[in-house]
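Please walk me through this structure in the viewer, one selection at a time. I have not seen it before, so tell me what to select and what is there.

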Amino acid sequence: MVRVDEFPDGFREDYLNREMPAFDESPFVLGPPLAERRVSLISTAGLHRKGDRPFTEESGDFRVIPKDLPDEDLVMTHVSSNFDRIGFMKDADVAFPINRLKELAADGVIGGVADYHYSFMGATEPGKMEPSVAEIAAAMKADKVDAAMLCPV
Amino acid sequence: MSLVREHTEKIRPPRALWCGFELGRPFGAPNEPDFQRRVLAEALALLERPEGPVLDDFPDGPPGGSAGAGDEDNEGWTCPVNFGGGEEPDLEKDPAGAVRREMALLRPWYGLALENNGKTMAGVSGIGIERCVDYLSAFALDPDTPPFRTDIPRYNFFKLCVDDIKAYYFEAATARPGPATDKEVADWYYGRSAMGEFLLKLNDICSKLDDPVLRKMSDRRLIPVHQHHLKA
């Protein structure tokens with residue numbers, strides 16, 4: 001198990017008390033019904049296409065994952081060794097649920113699946129990701145995305 | 001999605017669903033599509049909430065319970081291979097030999113894992129797993145050994161070699177059906193394999209180098225926090 005409550009004493013408290021980005025307010029917008037929304041996934045699992053550049057420490061950059069990338073071509077180069085990878089070894093959807101998203105679209109629960117999805121490597125100071133986020137937002141607009149699902153590990 | 005409620009409470013995103021699953025498994029459990037779909041649909045449904053911020057708790061644990069060795073109805077994971085017996089190369093003199101011997105014993109199980117999973121996580125170094133062993137062995141003898149790839153930083157190449165070998169061991173070790181937790185497999189890998197012992201040695205070497213990035217990696221990246229008691 002890699003659960004926060006099972007981290008060793010000391011480390012667990014440091015982890016839980018880690019400084020987080022502070023925001024003055026929580027932006028909150030309403031949108032179309034879920035059944036009309038086109039959804040994109042943003043993972044922080046350090047995922048990318050096989051052969052794409054591996055993630056490095058503290059770079060804040062991202063990789064693009066096309067909607068129809070075969071499961072076997074999705075790999076992980078997250079720098080941390082403190083989370084479970086056995087689940088992802090057996091089934092990528094446990095961390096990056098692209099196939100589940102397609103099923104929800106086929107069932108009419110959501111309107112559609114974006115053409116492109118994204119991954120960061122989460123062990124990065126959040127401020128370093130900010131330029132990338134602006135870039136992704138622009139790409140999502142072009143992709144007609146109106147819902148983003150952030151998937152941590 | 002939130003896996004650490006305390007962090008989400010501080011960040012206050014507009015809509016979040018907290019799930020008490022293992023880190024690394026935000027949608028619960030592998031090969032459980034119905035459960036994964038339920039988690040995903042519940043998180044997406046928050047988009048229709050008219051007011052926020054919203055932080056909901058997903059009510060259930062993953063299928064199969066927490067699947068730990070301490071659970072009543074789970075006998076726990078056991079390694080399919082016994083590394084003992086036969087002629088064991090000296091890890092000090094011949095780390096590559098000791099690791100290759102284990103990898104050969106694991107090979108049939110790695111093959112089964114490839115078949116069952118339809119993929120492998122090993123291969124991110126881009127040089128093949130044999131050469132990963134070569135590099136780490138050469139590094140142990142002389143840390144100034146030039147990395148086999150120069151298009152990425154040395155620490156990055158080093159870590160990818162470590163990750164490829166770990167993926168090979170972990171995939172082989174979990175090829176048999178049945179639940180296996182990261183902690184169980186890690187206890188075996190870091191505590192009872194020649195590769196684990198070799199990694200602890202590499203970690204020790206990195207911790208004494210002038211290179212601050214490798215030193216930092218030895219502190220935080222190579223050995224999981226639940227195995228830090230094994231460090232020198």
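**Chain B as a whole**

Of the 232 residues that make up chain B, 42% count as buried. Keep in mind that this is a predicted model. Select chain B alone and show it as a cartoon: eight helices and two strands should appear. Followed along the sequence, these elements run in the pattern α-β-α-β-α-α-α-α-α-α. Along the principal axes, the C-alpha atoms of chain B fill a box of roughly 65 × 40 × 30 Å. Among the contacts in chain B between residues at least 6 apart in sequence, 64% join residues at least 24 apart.

**Stop 1: H4 and H5 of chain B**

Select residues 129-141 of chain B, which form helix H4, and then residues 154-173, which form helix H5. The axes of H4(B) and H5(B) come within 9 Å and cross at roughly 125°. That angle makes H4(B) oblique to H5(B). The crossing of these two helices, H4(B) and H5(B), is left-handed.

Now show side chains where the two helices touch. On H4(B), the contact is made by B:Ile129, B:Cys132, B:Val133, B:Tyr135, B:Leu136 and B:Phe139. On H5(B), the partners are B:Phe158, B:Cys161, B:Asp164, B:Ile165 and B:Tyr168. Coloured by class, the contact of H4(B) with H5(B) has 10 nonpolar residues, no polar ones and one charged residue.

**Stop 2: H4 and H7 of chain B**

Keep H4(B) in view and add residues 194-207 of chain B, which form helix H7. H4(B) and H7(B) pack at an angle of about 50°, and their axes are 10 Å apart. The two helices, H4(B) and H7(B), are therefore oblique to each other. Their crossing, that of H4(B) and H7(B), is left-handed.

Which residues of H4(B) meet H7(B)? They are B:Leu136, B:Phe139 and B:Ala140, and they meet B:Lys201, B:Leu202 and B:Ile205 in H7(B). By class, the contact of H4(B) with H7(B) has five nonpolar residues, no polar ones and one charged residue. B:Leu136 and B:Phe139 take part in the contact with H7(B), and B:Leu136 and B:Phe139 also belong to the contact with H5(B).

**Stop 3: H3 and H7 of chain B**

Stay on H7(B) and select residues 95-117 of chain B, which form helix H3. The axes of H3(B) and H7(B) come within 9 Å and cross at roughly 145°. The contact is made by B:Pro95, B:Ala98, B:Val99 and B:Glu102 of H3(B), together with B:Ala194, B:Met195 and B:Phe198 of H7(B). By class, the contact of H3(B) with H7(B) has six nonpolar residues, no polar ones and one charged residue.

**Stop 4: H8 of chain B**

Next, select residues 212-220 of chain B, which form helix H8. Which residues of H8(B) are buried? They are B:Leu214, B:Met217 and B:Ser218. Turn the view to look down the axis of H8(B): its buried residues fall within an arc of 100°, so they line one face of the helix. An α-helix has 3.6 residues a turn, so residues three or four places apart point the same way. The buried residues of H8(B) pack against H5 and H7 of chain B.

**Stop 5: two loop residues of chain B**

Select B:Gly64, which lies in the loop between strand S2 (54-57) and helix H3 (95-117). Because B:Gly64 has 15 C-beta neighbours inside 10 Å, B:Gly64 counts as partly exposed. Leaving aside residues up to four places away in sequence, B:Gly64 touches B:Ala29 and B:Pro179. B:Ala29 is 35 residues from B:Gly64 along the chain, and their C-alpha atoms are separated by 8.7 Å.

Then go to B:Pro50, in the loop between helix H2 (33-45) and S2 of chain B. Is B:Pro50 buried or exposed? With 7 C-beta neighbours inside 10 Å, B:Pro50 counts as exposed. Draw a line from B:Pro50 to B:Thr78: the two are 28 residues apart in sequence and 49 Å apart in space, C-alpha to C-alpha.

**Stop 6: chain A against chain B**

Finally, show both chains. Here 57 residues of chain A are in contact with 61 residues of chain B. The elements that give two or more residues to the side of chain A that touches chain B are helix H1 (11-16), strand S4 (74-76), helix H2 (86-90), helix H3 (98-106) and strand S7 (147-151) of chain A. H2(A) gives the largest share of that side, five residues. By class, the residues of the side of chain A that touches chain B divide into 37 nonpolar, eight polar and 12 charged.

Technical notes:
Residues are numbered from 1 along each chain as its sequence is written. Chains are lettered from A and ligands numbered from 1 in the order in which they are written. This is a predicted model: local features need pLDDT of at least 70, side-chain atom pairs count only at pLDDT 80 or more; totals for chains, interfaces and linings use all residues. Axes are lines fitted to C-alpha atoms, for helices over the stretch in contact, and angles run from 0 to 180 degrees between N-to-C directions. Helices (H or I, at least four residues) and strands (E, at least two) are DSSP runs, numbered from the N terminus. Angles under 35 degrees count as roughly parallel, over 145 as roughly antiparallel, 65 to 115 as roughly perpendicular and the rest as oblique. A crossing is left-handed if the near helix is turned anticlockwise from the far one by less than a right angle, and right-handed if clockwise. Two residues are in contact if their C-beta atoms, placed from the backbone, lie within 7 Å. Ala, Val, Leu, Ile, Met, Phe, Trp, Tyr, Cys and Pro count as nonpolar, Asp, Glu, Lys and Arg as charged, and the others, Gly among them, as polar. A residue is buried if 20 or more other C-beta atoms lie within 10 Å of its own, exposed if 12 or fewer, and partly exposed in between; C-beta atoms are placed from the backbone. The arc is that of the directions from the helix axis to the C-beta atoms.
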